[in-house]
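Got the viewer open? Keep the selection box handy, and let's walk through this one stop at a time.

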Amino acid sequence: KATVSVLYWLAIFIAAPLQHTLHNMKFTREVDIVSESEGLTSEATSRCTSPGLDATLKMPLKTEVDLVLAAGGSLASVDEDTVNGTYFIERMYEKVGVVKPADEEAGMTRNPNGEEGSVAKNGFNPGTGYLREQLAYQLGKHAGVPETVIQELPARYFSRDSSAPVTCSVQRFVQNDGQSWDCGPALFDTEDTHKIAILDLRILNCDRHGGNILIRKEPSSTRLIPIDHGYTFPMSIEDLDFEWQLWKQVKEPLSEASLEYINSIDIEAEVEMLHEAGIENEAVDLFRAANICLKIAANKGLTLYEIASFYRRERLNEPSGLELLISESRNALDSPSAAEIDFDKLANRVTDILPGNWRDVLH
């Protein structure tokens, strides 16, 4: 029995590297075929065939996903409680991307928790999270949001008997050392924290809890990587969620680089981008209002903590300063919530009341 056991483990020891080598040979061939049609450089294609992905070498994520799946890669359901259907794209034992099908989002019939078991947050239409994920990447490159694309994947990868492709958001998987709520924030990089806070204030994030910020430990600090942006660009803002509001870093003044970035934001160009992507008019108006207020407040010297305190409700049933300001700035037609926002009036009003105790002014 001892001899059989030794032979068994010896066979495993020899077979595993051989299987890996044969898999990589097949994968390399697939890369060569697709690369010729895509016109990719040898440096870019080597990124896919090397055992570890090098983030400094850029291959388009869509191309990489196609290559991985064509060469025998698979989708594996994330082994933890998730509100939406979520999968890893894997090549051998290596994660390449995170996939979220539009029809498996909260409130959709294919949601793994059932249509009634997982309800979309207030202020969001079910099945639109994939759009918001990709738009948050477009506006959040400065904050380090991993590359995110909208991609149609064959239904067979989701164990479906259908010829119709599945529309998904796909985000590049990033190596990390855990989530921000796994450790205290004392060593979190201040600039990283500020960049994420600025992004969340801009896109009105309703789901920035500690699990949606990945950490990467370095000798002198802990770097931060923001993920999971399906609950951004809301149509109502009573449920904003900023985990970082509890951290000391956001009470520090903005750096010159952060202020320069805020002043460089082209709000109207971004508004046009959101409209073209199909984001609801109510959500786009709130986005515009939030960015106008951010620019004014930042240039008046407010910290990100102070701005967040103006944006977010302190108590569940009491409107925030931003909500009151928007309500006051609407041109009342029928119901106040449906009236158009007078953005000039909003800008003048926020200029008058900040900094200061807005609670004594807005009602």
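Start by selecting Ile265: it is buried, at 8% relative accessible area (buried means under 20%, exposed over 50%, partly exposed in between, with a 1.4 Å probe and protein chains only). Ile265 sits in the loop between H6 and helix H7 (267-277); helices here are DSSP runs of H or I with at least four residues, strands are E runs of at least two, and both are numbered from the N terminus. Now show what surrounds Ile265: leaving aside neighbours within four places in sequence, its contacts are Arg202, Glu270, Asn291 and Lys295 (contact means heavy atoms within 4.5 Å). Draw a distance from Ile265 to Asn291 and you get 8.5 Å between C-alpha atoms, across 26 residues of chain.

Before going further, a word on what you're looking at: this is a predicted model, in which local features need pLDDT of at least 70 and side-chain atom pairs count only at pLDDT 80 or more, while totals for chains, interfaces and linings use all residues. Residues are numbered from 1 along each chain as its sequence is written, and side-chain values use heavy atoms, with hydrogens and water left out.

**Colour by confidence**

Try colouring by pLDDT, the predictor's confidence in each residue, from 0 to 100. The chain averages 85, and 80% of its residues reach 70 or more. Residues 4-9 fall below 50, and beyond near neighbours in sequence that stretch makes zero contacts in the model. Residues 15-38 are also below 50, but there the model has 28 contacts beyond near neighbours in sequence.

**Into the core**

Next, select Leu201, Trp244, Phe310 and Tyr311. Within the largest nonpolar core, which has 67 residues, these four touch the most other members. A nonpolar core, for our purposes, is a set of buried Ala, Val, Leu, Ile, Met, Phe, Trp, Tyr and Cys residues joined through side-chain atoms within 4.5 Å. Helix H8 (residues 281-299) supplies the largest share of this core, with 12 residues. There's another core apart from it, of 17 residues, including Leu61, Ile89, Tyr157 and Cys168.

Zoom in on Trp244. Which residues does Trp244 contact, leaving aside its neighbours within four places in sequence? Thr193, Ile196, Ala197, Asp200, Leu201, Arg208, Val250, Leu304 and Ala308.

**Helix H9**

Leu304 and Ala308 take you straight to H9, where both are among the buried residues. Six of the eight residues of this helix (residues 304-311) are buried, so H9 is largely enclosed by the rest of the structure. The others on the buried list are Ile307, Ser309, Phe310 and Tyr311. To see what covers them, switch on H5, H8, helix H10 (321-328) and helix H11 (343-353), which are part of the cover.

**Rings and charges**

Stay with Phe310 and Tyr311 and add Trp358: ring pairs link the three into a cluster. Rings of Phe, Tyr and Trp (its six-membered ring) pair if their centres lie within 6.5 Å, with planes under 30 degrees apart called stacked, over 60 edge-to-face and the rest tilted. The structure holds eight such pairs.

For another one, select Phe88 and Phe173. Their centres are 5.8 Å apart and their planes at 90°, so this pair is edge-to-face. Phe88 lies in strand E2 (residues 87-91) and Phe173 in the loop between strand E5 (166-172) and helix H5 (190-203), so the pair ties together parts 85 residues apart in sequence. Phe88 is buried at 17% relative accessible area, whereas Phe173 is partly exposed at 21%.

Keep Phe173 selected and bring up Lys95, whose charged end sits over the Phe173 ring, 5.9 Å from its centre. The rule here is NZ of Lys or CZ of Arg within 6 Å of the ring centre and within 35 degrees of the ring normal. Lys251 does likewise over the ring of Tyr305, 4.7 Å from its centre.

**Backbone oddities**

Jump to Ser159, in the loop between strand E4 (148-153) and E5. Ser159 is not a glycine, yet its phi is positive, about 60°. Is Ser159 buried or exposed? Exposed, with a relative accessible area of 73%.

Asp228 also has a positive phi, near 65°. Find Asp228 in the loop between strand E7 (222-226) and helix H6 (256-264); it counts as partly exposed, at 23% relative accessibility.

Last stop: the segment after H11, where you'll find Pro355. A cis peptide bond joins Leu354 to Pro355, with omega about -10°.
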